[in-house]
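Work through the exercises below with the coordinates open. Try each task before reading its solution.

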Amino acid sequence: MDLKSTKNFVFWLFCQFELITCSYLMEPWEKVLFYSFNICMVGTLFYTTYACVAAHVSTALQLLWNLLGNQQENAVSVVK
Amino acid sequence: NHIVHNGGLYKRPFNEAFEETPMLVAVLTYVGYGVLTLFGYLRDFMRQWKIEKCQNATEREEQKDFVPLYQDFENFYNRNLYMRIRDSWNRPICSVPGAKVDMMERVSHDYNWTFTYTGRVIKDIINMGSYNYLGFAQNVGACQEAAAKVLSQYGAGVCSTRQEMGNLDKHEELEKLVARFLGVESAMAYGMGFATNSMNIPALVGKGCLILSDELNHASLVLGARLSGATIRIFKHNNMQSLEKLLKDAIVHGQPRTRRPWKKILILVEGIYSMEGSIVRLPEVIALKKKYKSYLYLDEAHSIGALGPSGRGVVEYFGLNPEDVDVMMGTFTKSFGAAGGYIGGKKELIDYLRTYSHSAVYATSMSPPVVEQIITSVKCIMGEDGTTIGEARVQQLAENTRYFRRRLKEMGFIIYGNEDSPVVPLMLYMPAKIGAFGREMLKRNIGVVVVGFPATPIIESRARFCLSAAHTKEMLDTALKEINEVGDLLQLKYSRRRLVPLLDRPFDETTYEETED
């Protein structure tokens, strides 16, 4: 039963999307065009997140680790 | 026995509200229009390059190099946006437009470019769209019998104008009755309400006069004002400060170049504005008119019969003197179940209009059965036919209005206009919801009128309900249940002010009303 109500809810959400972006009024081929454009945009967004943002975040973490590491090394050498 | 007082007291609370558009809704509406515009350009491109068949009007091949005829925004909107939702308008009905109506079913196989009738008739659709405020759109009853008798006596056509051979004794009787109903000295009736406005304003004002017209006046008033040749200045809708400022400027500065005083200043207002559901602030307008010595033209198309304790319009609703309004205009289409318009006022004014109005000189006079329908319905409202049907209907309309508006507000829709106006606009905003609302309501057997651009501003599209004394409480409850369902389905409950429901029983110490934000 929970699966059915979830399915209904998702379908209702999709209907709201259709109404807001006026794809409710479009002919089928226009809908295909519009949805494929949207999916391409979303896909590009995910790829950009994966490719660039991940690299930036890892570079930033490495820098931070180096800073901390340097501090530790300096402290260790002084103690020595 | 609880009787609803519809404006019997002068000191009456004036409850009018126009809730602001929520920001998110406005942004999403623009998004929707943006997407449709892009697809509109795509379709136009395809039509121009012959990839798609062009089904709308275009110029002929030889005229393609001339100045283009169909490239402006109105035509673009028509081709690409209006065509997609066109099935909500021009629906053919095949019975009397009373509280319930029959409609012919039609389908379109090429996305609303052409329609075909399936042959089936959808019966008993609850009619929330007809201007039938007092329920006189009937094919049974006293009005219909009287009209049938007159039809068999006079026939249907008059075959002449009022000034030549078309002045029947029925017309004289009607005009005396209308003058008595309104409380004015004299009245004149015309065959068409639109023509009453557009043909009589040019007869009253001319060049050298000033017209102060409300922002949201009807097309007939605008057309009449433009045809007259007078200078037109617009004041903000129902805004008395704006009107006073314009009046002051007009008196102080006079005509634009010559600085001479204006020959006449005419204020054009309507009793109820049909797209907003708002009522004019008549006491203030009359006070301003008297202070600045100008004239008032009041168009009571929707308010005659619908407001006031005995249905005599907005002047009675506020408890004012009908002699303060210089020109009282109204129509017989809405509350009287007939067609035509009238103008009431002083005897000299009406005698002048009989000779100089275009409508009186050139237009065919009213058809006799229609005149008889109006005479019978006015007598019924006044109570002169010996029954209390008219009084009961006026009270029923007031109760229906209060009930319907209260329930819709409680559900959480944004409703514009005054608490007492029987015209109820419900805001839809997004273009896809205009089409969806019309179709969904028809599926549930309720007929509504949806309005979009150009009748309203482009993001403020709405559904307009017209209440009627013929609607029973059961019909209204059914309609409200379906509107609630469709509102949840389409997410139309935009209002951010939720009122805790006011209980329908007499006030005692334990009941109270709260507002939660």
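The exercises go from the chain interface to salt bridges, and then to single sites.

This is a predicted model: local features need pLDDT of at least 70, side-chain atom pairs count only at pLDDT 80 or more, and totals for chains, interfaces and linings use all residues. Residues are numbered from 1 along each chain as its sequence is written, chains are lettered from A and ligands numbered from 1 in the order in which they are written, and side-chain values use heavy atoms, with hydrogens and water left out.

**Exercise 1. Size the interface**

Task: Find how many residues each chain gives to the contact, and what area is buried between chain A and chain B.

Solution:
- Step 1. Apply the contact cut-off: heavy atoms within 4.5 Å. Chain A supplies 15 residues and chain B supplies 21 residues.
- Step 2. Take the buried area, meaning the accessible area (1.4 Å probe) that two parts lose on being put together, summed over both. Between chain A and chain B, about 1800 Å² is buried. Carbon and sulfur atoms give 71% of that area.
- Step 3. Look at the chain A side. Leu19(A), Ile20(A) and Leu25(A) lose the most area to chain B, together 33% of what that side buries.

**Exercise 2. Describe the polar side of the interface**

Task: Count the salt bridges and the residue pairs in polar contact between chain A and chain B. Then say which helix of chain A gives the most to the side that touches chain B.

Solution:
- Step 1. Recall the principle. Side chains of opposite charge can pair when their charged atoms come close.
- Step 2. Use the salt-bridge rule: a side-chain nitrogen of Lys or Arg within 4 Å of a carboxyl oxygen of Asp or Glu. Three salt bridges are found across the interface of chain A and chain B.
- Step 3. Take one example. Glu27(A) pairs with Arg43(B), with the closest N and O atoms 3.1 Å apart.
- Step 4. Follow the links. Glu27(A), Glu30(A), Arg43(B), Glu52(B) and Arg84(B) form a network of salt bridges.
- Step 5. Use the polar-contact rule: a pair of N or O atoms within 3.5 Å; within protein, one must be able to donate a hydrogen and the other to accept it, and residues adjacent in sequence count only if both atoms are side-chain atoms. Six residue pairs between chain A and chain B are in polar contact (both at pLDDT 80 or more).
- Step 6. Assign elements. Helices (H or I, at least four residues) and strands (E, at least two) are DSSP runs, numbered from the N terminus. Helix 1 (2-20) and helix 2 (28-79) of chain A each supply at least two residues of the side that touches chain B. Helix 2 of chain A gives the most, with five residues.

**Exercise 3. Explain salt bridges within chain B**

Task: Which parts does the pair Lys291(B) and Glu244(B) tie together? What separates Asp351(B) and Lys347(B)?

Solution:
- Step 1. Note the total. The structure holds 35 salt bridges over all chains.
- Step 2. Check the pair Lys291(B) and Glu244(B): their closest N and O atoms are 3.2 Å apart. Lys291(B) sits in helix 8 (residues 282-292) and Glu244(B) in helix 7 (residues 240-253) of chain B, so the pair ties together parts that are 47 residues apart in sequence.
- Step 3. Classify accessibility: buried means under 20% relative accessible area, exposed over 50%, partly exposed in between (1.4 Å probe, protein chains only). Lys291(B) is exposed at 53%, whereas Glu244(B) is partly exposed at 22%.
- Step 4. Turn to Asp351(B) and Lys347(B), a salt bridge with closest N and O atoms 3.0 Å apart. They are four residues apart in helix 10 (residues 347-356) of chain B, so about one helical turn separates them. Asp351(B) is partly exposed at 33%, and Lys347(B) is partly exposed at 45%.

**Exercise 4. Characterise His237(B)**

Task: Is His237(B) buried or exposed? Which side chain does its side chain contact?

Solution:
- Step 1. Locate His237(B): the loop between strand 6 (231-235) and helix 7 of chain B.
- Step 2. His237(B) has 16% relative accessibility and counts as buried.
- Step 3. The side chain of His237(B) makes a polar contact with that of Ser278(B) at 2.8 Å.
- Step 4. Leaving out residues up to four places away in sequence, His237(B) touches several residues, including Phe18(B), Asp214(B) and Tyr273(B).
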